[in-house]
Amino acid sequence: MRLYIRPFFIAATLLFIAAMAVPVHAQEKTSALMTPELLEKVRKSNNECFACHTEEGVKSPPKTDADMDLVKLRTLVHDPKIFNGSNHGLMECKQCHGTGYSAFPHDADAKKNLSACDECHAVKVMRIEQQFDASVHARNLKDKFTCTTCHSPHIDLIASKLIDPHKIVAQDNRHCLNCHDSDLTFAKFAPDDEKTSLKKTRPDIDTIHEWLPNTRLHWQAVRCVECHTPPTKTLSHEIVDKEKAERKCLSCHSANSSLKTRLYRHLVKEEQEKLGFANSVILSNSYVLGATRHPVLDTLLMIAFGAMVLGLLAHGLGRIISRLIRRRKNRG
Ligand code: HEC
Ligand code: HEC
Ligand code: HEC
Ligand code: HEC
Ligand code: HEC
Ligand code: HEC
Ligand code: HEC
């Protein structure tokens, strides 16, 4: 028995240390290029914009000679905390918006200088654009539907940094639901109905998915894209026709759930790339726990895990005590 426990104990300790090291590593990676001086420069530059483009800014805008459209400004506020924690939080506003907004009133043609995603993400966009062009939205809604229809460049944080699956689900489903759960937004994008030449009305999202029990609970636990994109290794941007959507309960509700490769696929892949094998092992273990989604089984697993930890502690304590006794005997 001992022979088995020792390597197990060492492996468990190593896994634990590796798990503790994850956030440290992730932070080092992004902040590596960012010196404190550079960060201060970015924050200072952005604070000039935040002087107006925040809730506080609308309440007490800085004095300018020009009249300010405060009603419009109210629709253009951003939260510095959220921006700073987002994918683009280490960037100057001007890097995307150009210098046309540096002074107020803003330049009349400042809007033209907005950088598109591919100016900085050329390689990724090449891969993603092909999938996006094949999606129902790009095919049916044409130029009305773009990358920023889903992506908020000031808010989003990539899945591998959000880590918590519930946060990932909330972020990614918010974009779909903002439109598919709102008549107002949907109407702005909806195509004309071929027969009536009126705007297509929004199919009710709960009615469409009536066959799925606890639909609203599912919206909180799984992403729309898990069922509405092909099950490829990395998330595809191709939202497929409804006939091709996933319908099989067992693709998620089984021990060998496809959710493992779907909802969690970025984590596994990125963790593997960044940190080697140990973390993906931890992750895949926690998936199994989550994927069972069976309260009794989960409780049993928790008890088993607790017993294991207690066992290991008792084992260690036993060894220390027996060593002390042995030493005392040797002395005496
Ligand atoms: C003195 C207040 C003030 C400052 C400082 C300010 N803005 Fe503005 N901004 C406004 C107001 C008011 C509007 C809306 C009226 C307008 O378009 O002129 C606006 C409009 C905008 C718009 C256009 C929104 C649209 O869709 O029409 C963008 C983008 C923008 N600002 C970005 C910035 C950036 C980036 C900075 C910092 C470099 C900045 N602003 C600094 C007051 C300000
Ligand atoms: C990575 C590029 C990028 C950065 C960095 C960026 N923006 Fe934007 N911003 C965009 C894009 C793209 C749009 C237009 C898309 C849309 O409609 O949301 C936009 C739209 C806006 C708008 C008008 C629409 C709205 O939602 O308010 C304002 C105001 C604005 N940005 C302010 C800022 C401020 C202030 C900062 C810095 C704190 C900033 N942006 C940083 C890309 C960026
Ligand atoms: C002016 C340059 C610039 C533009 C324009 C820009 N980004 Fe970024 N983006 C960056 C930088 C810099 C990072 C941070 C990279 C990092 O942390 O490793 C980033 C990070 C990201 C990330 C997370 C990191 C990853 O691995 O992909 C996503 C997602 C992203 N951007 C999407 C977009 C989208 C969508 C647009 C268009 C609306 C856009 N970006 C426009 C510069 C830009
Ligand atoms: C229908 C909504 C939607 C549209 C439109 C969309 N995306 Fe995405 N995108 C997502 C979702 C959901 C994710 C997954 C979130 C994550 O991985 O953090 C994602 C992830 C990403 C990522 C990070 C993961 C990766 O594969 O590198 C990038 C970069 C990105 N999108 C760029 C784009 C670009 C560029 C466009 C326009 C050609 C675009 N997206 C259009 C929904 C959309
Ligand atoms: C468990 C898998 C699953 C999830 C999760 C899911 N869907 Fe679906 N969805 C389907 C299937 C299957 C259909 C086809 C239903 C049919 O044709 O009867 C469908 C149909 C649709 C349609 C087509 C409506 C029509 O008839 O024109 C839309 C729009 C849609 N889903 C949006 C969403 C959105 C938005 C989310 C996230 C909030 C989501 N779905 C989550 C499986 C799913
Ligand atoms: C800004 C609005 C908007 C957003 C955001 C949006 N959609 Fe849609 N979507 C539409 C409209 C409008 C249609 C109707 C297109 C048609 O009937 O031709 C549609 C159609 C669909 C369909 C039906 C395809 C079919 O076969 O009829 C699915 C499935 C779908 N969307 C899923 C999603 C998912 C998943 C997301 C999030 C990743 C999303 N949509 C985000 C507006 C949106
Ligand atoms: C894309 C993956 C996916 C598909 C497909 C799917 N589910 Fe689920 N389902 C989940 C997840 C994840 C949860 C966990 C929700 C939680 O407990 O947080 C869940 C929860 C549930 C629950 C609630 C369990 C509880 O604890 O109350 C029921 C019931 C359920 N699903 C039935 C079904 C049925 C029936 C189907 C097929 C018609 C189906 N699901 C298809 C992912 C899926």
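**View 1. F145 and F189 are both buried in this predicted model.** Buried means under 20% relative accessible area, exposed means over 50%, and partly exposed is in between (1.4 Å probe, protein chains only). Ring pairs join F145 and F189 with F132 in a cluster. Before you zoom in, a word on conventions: residues are numbered from 1 along each chain as its sequence is written, while chains are lettered from A and ligands numbered from 1 in the order in which they are written. Local features need pLDDT of at least 70 and side-chain atom pairs count only at pLDDT 80 or more, whereas totals for chains, interfaces and linings use all residues, and side-chain values use heavy atoms, with hydrogens and water left out.

**View 2. The structure contains three aromatic pairs.** Rings of Phe, Tyr and Trp (its six-membered ring) pair if their centres lie within 6.5 Å; planes under 30 degrees apart count as stacked, over 60 as edge-to-face and the rest as tilted. For F50 and F83, the ring centres are 6.2 Å apart and the planes meet at 70°, so this pair is edge-to-face. It bridges distant parts of the chain, with F50 in helix α2 (residues 36–50) and F83 in helix α5 (residues 80–84), 33 residues apart. Helices here are DSSP runs (H or I, at least four residues), numbered from the N terminus. F50 is buried at 11% relative accessible area, and F83 is buried too, at 8%. F145 and F189 also meet edge-to-face, 6.0 Å from centre to centre with 70° between the planes. This second pair connects distant parts of the chain as well: F145 is in the loop between α8 (136–141) and α9, F189 in helix α12 (residues 183–189), 44 residues apart.

**View 3. H151 (NE2) and H237 (NE2) are the protein donors of the iron atom of ligand 4.** They lie 1.9 to 2.0 Å from the iron; donors are N, O and S atoms within 2.8 Å of the metal (3.2 Å for Na, K and Ca). The arrangement counts as octahedral because the six donor atoms subtend angles of 88 to 180°. The two histidines come from distant parts of the chain, 86 residues apart: H151 is in the loop between α9 (147–150) and α10 (159–162), and H237 in the loop between α15 and α16 (265–275). Six donors count as octahedral if opposite donors are over 155 degrees apart and all others between 65 and 115. For orientation, the ideal octahedral angles are 90 or 180 degrees. H151 is partly exposed at 42% relative accessibility, and H237 is partly exposed at 26%.

**View 4. H137 (NE2) and H180 (NE2) coordinate the iron atom of ligand 6.** Both are at 2.0 Å. Angles of 89 to 178° among the six donor atoms make this arrangement octahedral. H137 sits in helix α8 and H180 in helix α11, so the pair ties together parts 43 residues apart in sequence. H137 is buried, with a relative accessible area of 17%, whereas H180 is partly exposed at 30%.

**View 5. Ligand 5 has 18 residues around it, of which H209, C224, C227, H228 and R247 come nearest.** A residue joins this shell if one of its heavy atoms lies within 4 Å of the ligand. By class, the shell holds twelve nonpolar, three polar and three charged residues. Look for the polar atoms next: the side chain of H209 has an N or O atom 2.8 Å from a nitrogen atom of ligand 5, and a polar side-chain atom of H228 is likewise 2.8 Å from a nitrogen atom of the ligand. The side chain of K242 places an N or O atom 3.3 Å from an oxygen atom of ligand 5. The elements that give two or more residues to the shell are α11 (165–180), α13 (205–208) and α15 (224–228).

**View 6. Ligand 7 is surrounded by 16 residues, with P213, H218, C249, C252 and H253 the closest.** A polar side-chain atom of H218 lies 2.7 Å from a nitrogen atom of this ligand. Helix α14 (residues 215–221) contributes the most to the shell, three residues. The shell divides into ten nonpolar, four polar and two charged residues.

**View 7. The side chains of T207 and D204 share a polar contact of 2.7 Å.** Such a contact is a pair of N or O atoms within 3.5 Å; within protein, one must be able to donate a hydrogen and the other to accept it. T207 belongs to helix α13 and is partly exposed, with a relative accessible area of 45%.

Conventions. Ala, Val, Leu, Ile, Met, Phe, Trp, Tyr, Cys and Pro count as nonpolar, Asp, Glu, Lys and Arg as charged, and the others, Gly among them, as polar. Four donors count as tetrahedral if all angles lie between 85 and 135 degrees; four count as square planar and six as octahedral if opposite donors are over 155 degrees apart and all others between 65 and 115; anything else is irregular.
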